[in-house]
Amino acid sequence: MTHPMAYPFRIFTIIRALLRRNLAFKYATIDRIHRLYCPLLLLHGKEDPKIPFEHSQLLYQAALSNPSNCALNLSQSMKIHTEGANNECHFHTALQLVPGAVHNNVYVFPEWLDSISTFIAHVEDTS
């Protein structure tokens, strides 16, 4: 028989095991992003030690594989149609890599807010 005070610790151990199992599930974004039918802005810190910025570049390229999406260059605020796209662009896709930013501090860099403002303004103008 166990002491009644040990019960919460046993429950905690069970909950922790369940969380570990469920949090270990990896959502394969790269396999699904081409099915996204809406404007997409990817912001990523260039110095991110947890998730390399190359992951965002791969997601960006995968999103552009959908012919309804076209690239938007935020620095020049101009639309660039993807190669081979024979129909009109419906959704803009942009990638902004923020120099000097790491995993959790992208928001402290002015490029972050500028990118969001430019992206939203462009999407609203073309809607």
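These are my notebook entries on a predicted model of a protein chain.

**Overview**

I started with the element list. The protein chain has four helices and four strands. Reading from the N terminus, I get the order α-α-β-α-β-β-β-α. The chain has 127 residues, and 27% of them are buried. I also looked at contacts with a separation of 6 or more: 59% of those come from residues 24 or more positions apart.

**Strand β4 and its partners**

Next I went to strand β4, residues 91–98. Is β4 enclosed or open? Six of its eight residues are buried, so the rest of the structure largely encloses this strand.

Then I checked what β4 pairs with. Strand β1, residues 40–45, runs parallel to β4 and is joined to it by six bridges. On that side I noted L41, whose bridge partner in β4 is A94. Strand β2, residues 69–73, also runs parallel to β4, with three bridges between them. Here C70 has H92 as its bridge partner in β4, and N69 stands opposite F91. I looked up burial for β2 as well: four of its five residues are buried, so I wrote it down as mostly covered.

**Aromatic pair**

How many aromatic pairs are there? The count comes to one. The pair is Y37 and F91, with ring centres 6.3 Å apart and planes at 70 degrees, which makes it edge-to-face. Y37 sits in the loop between α2 (29–32) and β1, whereas F91 belongs to strand β4, so the pair ties together parts that are 54 residues apart in sequence. I also asked whether Y37 is buried or exposed. Y37 is exposed, at a relative accessible area of 51%; the cut-off for exposed is over 50%.

While on rings, I looked at F53. K46 lies over the face of F53, at 5.0 Å from the ring centre.

**Helix α3**

F53 also turns up in my entry on helix α3, which covers residues 53–64. From first C-alpha to last, the 12 residues of α3 reach 17 Å, close to the 16 Å expected at 1.5 Å a residue. The buried residues I listed for α3 are F53, S56, L59, Y60, A62, A63 and L64. What covers them? The cover includes α2, β1, β2 and β4.

**Nonpolar cores**

I pulled the largest nonpolar core, which has nine residues: I33, L40, L42, L59, Y60, A62, A63, L64 and A71. Which elements give two or more residues to this core? Those are β1 and α3. The largest share, five residues, comes from α3.

There is a second, separate core of five residues, and L72, L74, F119 and V123 are among them.

I then followed Y60 out of the largest core. Leaving aside residues up to four places away in sequence, Y60 touches L42, A71, L72, T93, A94 and L95. Two names there were already in my notes: A94 is the bridge partner of L41, and L72 is listed in the second core.

**Helix α4**

My last lookup was T126, in helix α4 (residues 110–126). Its relative accessible area is 42%, so T126 is partly exposed. I took one distance from there: T126 and H92 are 9.4 Å apart in space, C-alpha to C-alpha, with their positions 34 residues apart in sequence. H92 is the β4 residue that I had already noted as the bridge partner of C70.

How values were computed. Residues numbered from 1 in each chain as written. Predicted model: local features only at pLDDT ≥ 70, side-chain atom pairs only at ≥ 80, totals over all residues. Heavy atoms only, no water. Buried < 20%, exposed > 50% of the residue type's maximum accessible area, 1.4 Å probe, protein only. Pairing = 2+ DSSP bridges. Phe/Tyr/Trp six-rings, centres within 6.5 Å; stacked < 30°, edge-to-face > 60°. Lys NZ or Arg CZ within 6 Å of the ring centre and 35° of its normal. Expected span 1.5 Å × (residues − 1). Contact = heavy atoms within 4.5 Å. Core = buried A, V, L, I, M, F, W, Y, C linked by side-chain atoms within 4.5 Å.
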